[in-house]
Structure formats: structure tokens, C-alpha cells
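Reader: I've got a protein on my screen and some questions about how it is put together. Could you walk me through it?

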Amino acid sequence: MPHLVRPVALALVTALALTGCGAEVTSQEGKKDDRAADGHYPVTVENCGEKKTYDKAPQRVVTNDVGITEIMFALGLEDHMAGYVMPDDKGDMTSVPWKDGYQKVEWLSKERINKELVLDARADLVFAGWNYGFNEGEGFTPAELRRVGIDSYLLSESCRNGRGKARGVMAPLDALYTDLRNLGRIFDVEDRAEGLITSFRKQVAEAQAKAPAGSDRPRVFLYDDGQDKPLTSGAYAGPHDIITKAGGDHIMKDLKDTWTTVGWETVVARDPEVIVINNYGDTSAERKREFLMSYEPLANVSAVKNDRIVVLDYADLVESPRNPAAISSLAADLRKLSS
């Protein structure tokens with residue numbers, strides 16, 4: 001059966017009409033005094049185990065990476081942003097319901113985020129994550145930002161869990177919903193946040209209702225990149241919930257981490273029936289597919305023998321408001337592959 005490439009972003013348009021262009025959010029600068037008067041602030045949220053209190057909504061947020069940036073756009077918070085940082089290899093940004101955010105907010109850099117950049121942007125908050133911008137090796141951390149008077153919010157998918165540098169403290173979709181709720185409180189757009197969550201839950205439930213079940217669930221492996229050792233998803237990265245709720249059996253569900261490497265021998269032993277390729281970076285999805293199909297140790301793996309390879313974009317697979325549509329798309333692919 002031929003491999004499949006499905007444009008997930010298009011599925012979002014019908015599922016998320018409430019996030020369409022022109023939607024208004026009552027969180028503009030001019031209404032800050034009204035919010036203070038009605039008692040919304042201060043608000044306290046828990047972010048990666050730390051309680052954080054906000055006396056007002058941040059006004060100059062800098063975001064790092066596509067999923068994080070689109071969480072802000074989906075919440076209608078463009079007017080609270082100083083800009084975003086991301087490379088230009090993160091897939092289609094023109095079909096999502098919140099695409100106007102990319103026109104309204106400044107693209108500050110296509111390189112790595114750093115302290116100098118956010119200082120130049122006069123940021124009052126940086127929304128990033130561990131290995132999504134924050135990295136001790138490069139000296140860019142929430143603690144370092146705090147020393148120069150800039151607050152931070154950590155992507156919940158990236159929360160460290162106490163096992164070294166391993167990440168993940170909750171199910172991937174729960175991480176998305178947690179961030180939507182927290183940011184809804186921080187920016188006084190709780191109704192919009194709850195509306196998104198309700199819409200996403202409905203979309204996921206509809207996909208699950210049509211997904212393969214029981215013994216029909218195919219074994220699925222997420223291939224990010226790497227030839228010596230493959231980078232893949234553990235139980236706490238977006239692909240785990242995307243695969244599982246789409247009707248697949250995620251073969252690396254026992255890995256208590258988000259994105260991590262494994263040995264090819266483990267992949268071979270678990271014999272995936274479908275491989276999902278993460279499409280991003282210098283190596284195209286087609287080149288990744290060619291490698292998988294020609295790599296001798298994988299020759300007897302079911303997904304390779306039967307050419308059952310699916311491609312999803314990076315923005316579909318990291319924590320982002322595209323995750324529910326990715327579930328719908330992959331569920332449709334798995335139905336076709338099993339028919």
C-alpha cells in the first residue's frame with residue numbers, strides 16, 4: 001500500500017470555527033484598568049510545579065517555536081506579543097484558522113532565541129520550554145531571564161520530571177489543555193481558552209469513535225530523524241496521544257520522556273506496522289522515507305515491507321493547537337491502511 005501524506009492544517013478550519021479570523025478577545029491594553037477593577041488580578045497559576053502570580057497581563061511576550069506561538073494566536077493574544085522566534089522549516093502556516101497572527105506579529109528571528117534578542121524586544125515574558133529554546137548549555141534559562149527582570153512561562157510538554165533531563169509530567173493533550181487554561185487566566189481570556197478546549201475534546205472524541213480498536217490497532221512508530229539512532233517520541237510527547245487516540249498502539253509508550261533516542265534493534269523487535277515521519281528540518285520527509293525503506297536492518301519490519309508510512313508536519317506533533325486535527329488525520333490514515 002502506498003505511503004500517505006495528509007495536509008492536517010486544512011482539517012482545522014472546519015473544526016475550529018470559533019478561532020477564525022477577526023475573532024475578538026477582550027484583553028486589549030485599554031481594558032487593563034477594567035480588569036483590575038473587576039477583581040480578575042492578581043491570578044496565580046501552577047507551571048511545571050512552580051506557583052506563579054501575575055498582577056496584570058504581560059504586554060510584550062516573545063514566543064519560541066511554532067507550536068508555542070500558535071497557542072498564543074489561537075487564544076487571540078497577538079496584541080500582547082512583541083514577536084516570535086522560529087526557523088522557516090516548520091511547515092504550512094497559511095491554512096490554520098489563526099494564520100492572521102503571523103501577519104500581525106513580528107518574526108524576530110529565524111535563528112536560536114537568546115537573551116540579547118528578548119532584551120532588544122523589551123520582552124516582559126518569554127514563552128518557551130526546555131529544549132524549546134531554554135537550554136542550560138547556552139545559558140538561556142528562566143533563572144537567567146529572571147536576573148534581568150524578564151518573566152517566563154514553560155511549555156507544559158517540556159516540564160522536567162525529576163529523572164535527569166527527562167521531560168514530561170502529564171499526558172500530551174493534558175499539557176496542551178493545561179497551558180490553554182493557565183494562559184487564559186494570565187491574560188483574562190478564560191472563555192476563549194475553555195471554548196478551544198471544548199472544541200478540541202469534541203474533535204478528538206469524534207476521531208476516536210471512528211478509529212481502529214482492539215486487535216485492529218496497528219503498532220505505530222514515530223520517526224523524527226537520525227540514522228545511527230532514531231529520535232522518537234516517548235509517552236509524554238505529542239505523538240503518543242496523537243497515535244493512541246487515532247487508533248494506533250504506540251510502540252514506545254513505555255519511555256517516560258518526551259523526545260528521545262532509542263536503538264534500531266528496539267524498533268525491529270517491536271515491529272511497527274505503520275511508521276509516522278515527522279516532517280521538518282534539513283532532511284525532507286521523502287529523504288527520511290527513502291532511508292527507512294533502504295536501511296537493511298529494517299527490511300523485515302512490517303511497516304517497511306508493506307510500505308505503510310505516513311507523514312505529519314512538525315507543528316502537528318509538538319504541543320500545539322494543531323494536535324487534535326492531527327489525531328483526526330492520522331485516524332483516517334490508519335483506517336485506510338488497515339482496509
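Author: Happy to. Let's start with a helix, keeping in mind that this is a predicted model. Helix α14 covers residues 323–338, 16 residues in total. From its first C-alpha to its last it reaches 22 Å, close to the expected 22 Å.

Reader: Is α14 mostly covered or mostly open, and how many of its residues are buried?

Author: Mostly covered. Asn-323, Pro-324, Ala-325, Ala-326 and Ile-327 are among the buried ones, and so are Leu-334 and Leu-337. The count of buried residues, out of 16, is twelve.

Reader: Ser-320 sits in the loop between α13 and α14. Which backbone oxygen lies 2.7 Å from a polar atom of its side chain?

Author: Ser-320 is buried, with a relative accessible area of 0%. Beyond its neighbours within four places in sequence, Ser-320 touches Gly-67, Ile-71, Leu-176 and Ala-315. The backbone oxygen at 2.7 Å from a polar atom of the Ser-320 side chain belongs to Ala-315.

Reader: How many disulfides does a search of the whole structure find, and which cysteines are joined?

Author: The search turns up one disulfide. Its sulfurs are 2.0 Å apart, inside the 2.5 Å cut-off for calling a disulfide. The joined residues are Cys-48 and Cys-159.

Reader: How far apart in sequence are the parts that this pair ties together?

Author: The link of Cys-48 and Cys-159 is left-handed, with -80° about the S-S bond. Cys-48 lies in the loop between β2 and β3, while Cys-159 lies in the loop between β9 and α7, so the disulfide ties together parts of the chain whose separation in sequence is 111 residues.

Reader: Which of the two counts as buried, Cys-48 or Cys-159?

Author: The cut-off for buried is under 20% relative accessible area. Cys-48 has 29%, so it counts as partly exposed. With a relative accessible area of 1%, the buried one is Cys-159.

Reader: Leu-154 is in strand β9. What separates its C-alpha from that of Asp-179?

Author: Leu-154 counts as buried at 10% relative accessibility. Leaving aside neighbours within four places in sequence, its contacts include Cys-48, Phe-127, Trp-130, Phe-134 and Asp-179. Leu-154 and Asp-179 are 25 residues apart along the chain, and their C-alpha atoms are separated by 8.9 Å.

Reader: Is Glu-286 buried or partly exposed, and how far in space is it from Val-311, C-alpha to C-alpha?

Author: Glu-286 lies in helix α11, residues 285–294. At 37% relative accessibility, Glu-286 counts as partly exposed. Val-311 is 25 residues from Glu-286 in sequence, and the C-alpha to C-alpha distance between them is 9.1 Å.

Reader: Why is α9 described as largely enclosed, and which residue just after it takes a positive phi?

Author: Helix α9 is largely enclosed by the rest of the structure because six of its eight residues are buried. Those buried residues are Gly-238, Pro-239, His-240, Asp-241, Ile-242 and Ile-243. Just after α9, the residue with a positive phi of about 105° is Gly-247.

Reader: Last one: over which residues does pLDDT stay under 50?

Author: On average the protein has a pLDDT of 90, with 89% of the residues scoring at least 70. One stretch under 50 has 60 contacts beyond four places in sequence in the model, and another has 23. In that order, the stretches are residues 9–35 and residues 1–7.

Note on methods. Residues numbered from 1 in each chain as written. Predicted model: local features only at pLDDT ≥ 70, side-chain atom pairs only at ≥ 80, totals over all residues. Heavy atoms only, no water. pLDDT = per-residue confidence, 0-100. Contact = heavy atoms within 4.5 Å. Helix = DSSP H or I, 4+ residues; strand = E, 2+ residues; numbered from the N terminus. Expected span 1.5 Å × (residues − 1). Buried < 20%, exposed > 50% of the residue type's maximum accessible area, 1.4 Å probe, protein only. Polar contact = N/O pair within 3.5 Å; in protein donor to acceptor, adjacent residues only side chain to side chain.
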